[in-house]
Amino acid sequence: MTDRSLVHVAFYAALIAALGLVPPVAIPLMGGVPITAQTLGVMLAGVMLGPVRGGLAVLLFLFLVALGAPFLSGGRGGWGVFMTPSVGFLIGWPVGAFVAGWVMRATSDMNILAAAGLSAALGGIVVVYAFGVPGVALMAGLSLPKAALASVIYIPGDLIKVVLAALITQTVARGLPGAVLSRTPTGANDKTVN
Amino acid sequence: MISIYLRGDSWAHRTPAGVKLLAVAIGSLFLFQTASIWIFLACLAAVVALYASLGRQGLAQLKLLRGLTVFLVILVALHWLSGTLMEGIAVVLRLVVMFLAANFVSVTTRLDDMLEAVRPLFRPLEWVGLSSRKPALGVALALRFAPHMTQIFSMLREAWQARTGSRTSWRLLAPFAVQSLRMSDNVAEALKARGGSEGLSG
């Protein structure tokens, strides 16, 4: 991995951390479930960086949290958060970012807004919940349907984040095309500087 | 450095990070093997005693549980509805014990020491020709980036507030992304100019 890639990975890890500081928004229409911006960072990491670097960025973020940085929304951090029922979601994040990046690359001839939305939805929702719901079931001793019921309240918020991720990707692709690394040919970006 | 670490010089602070991490790992395995409420209650008492041994500041750390309360209440309710109330209570107790024990390690270990303790885990990277130094550099970079990015965002928000009167908007996200990406490009070039990650000591 080049130093440049390392900086990108660290950058998105920090972005996920910074998004954790955005205060949760509770939308009354949805029963007041708090929506945090953090998974938006997970989606963006995958969509912007591509599978490998995107997944690594989320892993680095989780590593920081495990080391004791209070980077999860609400100022949570430390090894303790991996002992809570939501650990499945945390484990799903890097995989979700990987899948989002992979889908983004596989749909490279699609319109960027649509491709980014599709990638963010598949990676950031489908994959993340595929890990998260069994995690809740296992850690909380619930059946899978009950665990799904306990998690489903967050889906509307995640859909909003998918839309945001797609819009941000499109804007960045216009303003700073080189930054959408998942759409630039492999290594092209590294060669220009390194 | 930003961390949930609690400054101090207790016995727990002096215990090597590796030993503490190992103890929590073994303890968690044990907790998953048992389902007795009495054992959980005993463990809970033991963990609370650990915090108490740090003094009043240590006990104050127990308020971290507040973030979990809502979820734990929902959990007990779900178990109660399906007629497994006792199992629900046992599950909640196990979660609380595991969370507090793991958190105890984070509270009594400096982030640097923690990084040092887990560094051997990155040795395998060298077998595939990668530097085991890179994860540490990644950690340092991300820790530096995070506050800088919040700064960029608050600057954008102030500008937005001055012009529109409203506090914040999702419209700020795009300029925020572009500005902070530029910043990361500058850092990448600065790192390159100083000889890259291989040129750094440590």
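The radius of gyration used here is taken over C-alpha atoms, and the globule rule is 2.2 Å times the number of residues to the power 0.38. Keep that handy for the first exercise, and keep in mind that this is a predicted model.

**Exercise 1. Work out how the radius of gyration of chain B stands against that of a compact globule of 202 residues.**

Solution.
- Start with the rule: for 202 residues, a compact globule would come out near 17 Å.
- Now look at the chain itself: chain B has 23 Å.
- Next, check the extents. Along its principal axes, the C-alpha trace of chain B covers about 60 × 50 × 35 Å.
- Then see how the chain is divided: domain 1 takes residues 11–122 and domain 2 takes 124–199. The centres of these two domains of chain B are 33 Å apart, taken over C-alpha atoms.

**Exercise 2. List the helices and strands of each chain, and find what percentage of each chain is buried.**

Solution.
- Take chain B: ten helices, zero strands. Reading from the N terminus, that gives α-α-α-α-α-α-α-α-α-α.
- Take chain A: eight helices and two strands. Its order from the N terminus is α-β-β-α-α-α-α-α-α-α.
- For burial, count a residue as buried if 20 or more other C-beta atoms lie within 10 Å of its own. In chain B, 29% of the 202 residues are buried. In chain A, 61% of the 194 residues are.
- One more look at each chain: take contacts between residues at least 6 apart in sequence. In chain B, 68% of these join residues at least 24 apart; in chain A, the value is 71%.

**Exercise 3. Describe the side of chain B that touches chain A, and say which element gives the most to it.**

Solution.
- Count the residues: 52 of chain B are in contact with 47 of chain A.
- Find where the chain B residues sit. The elements giving two or more residues are α2 (17–33), α5 (66–81), α6 (85–108), α7 (111–118), α9 (134–164) and α10 (173–193) of chain B.
- Pick the top contributor: α9(B), with twelve residues.
- Sort this side of chain B by residue type: 37 are nonpolar, eleven polar and four charged.

**Exercise 4. Explain why the largest nonpolar core lies between the two domains of chain B.**

Solution.
- Begin with the core's best-connected members. Out of 117 residues, A10(A), A13(A), A14(A), A57(A), F61(A), L64(A) and A142(B) touch the most other members.
- See which helix gives the largest share: α5 of chain A (residues 112–140), with 15 residues.
- Here's the key step: both domain 1 (11–122) and domain 2 (124–199) of chain B give residues to this core, so the core lies between them.
- Zoom in on A10(A). Setting aside neighbours within four places in sequence, A10(A) is in contact with L60(A), G138(B), L141(B), A142(B) and F145(B).

**Exercise 5. Check whether the span of α5(B) agrees with its 16 residues, then see what the helix packs against.**

Solution.
- The expected span uses one less than the number of residues. At 1.5 Å a residue, the 16 residues of α5(B) should therefore span 22 Å.
- Compare with the model: the end C-alpha atoms of α5(B) are 23 Å apart, which agrees.
- Pick out the buried residues of α5(B): L68(B), L72(B), L75(B) and H79(B). These pack against α5 of chain A together with α6 of chain B.
- Finally, look past the helix: α5(B) is followed by G83(B), which has a positive phi, near 75 degrees.

Terms used:
Residues are numbered from 1 along each chain as its sequence is written. Chains are lettered from A and ligands numbered from 1 in the order in which they are written. This is a predicted model: local features need pLDDT of at least 70, side-chain atom pairs count only at pLDDT 80 or more; totals for chains, interfaces and linings use all residues. Domain bounds come from an automatic or database domain assignment. Two residues are in contact if their C-beta atoms, placed from the backbone, lie within 7 Å. Helices (H or I, at least four residues) and strands (E, at least two) are DSSP runs, numbered from the N terminus. Ala, Val, Leu, Ile, Met, Phe, Trp, Tyr, Cys and Pro count as nonpolar, Asp, Glu, Lys and Arg as charged, and the others, Gly among them, as polar. A nonpolar core is a set of buried Ala, Val, Leu, Ile, Met, Phe, Trp, Tyr and Cys residues joined through C-beta atoms within 7 Å. A residue is buried if 20 or more other C-beta atoms lie within 10 Å of its own, exposed if 12 or fewer, and partly exposed in between; C-beta atoms are placed from the backbone.
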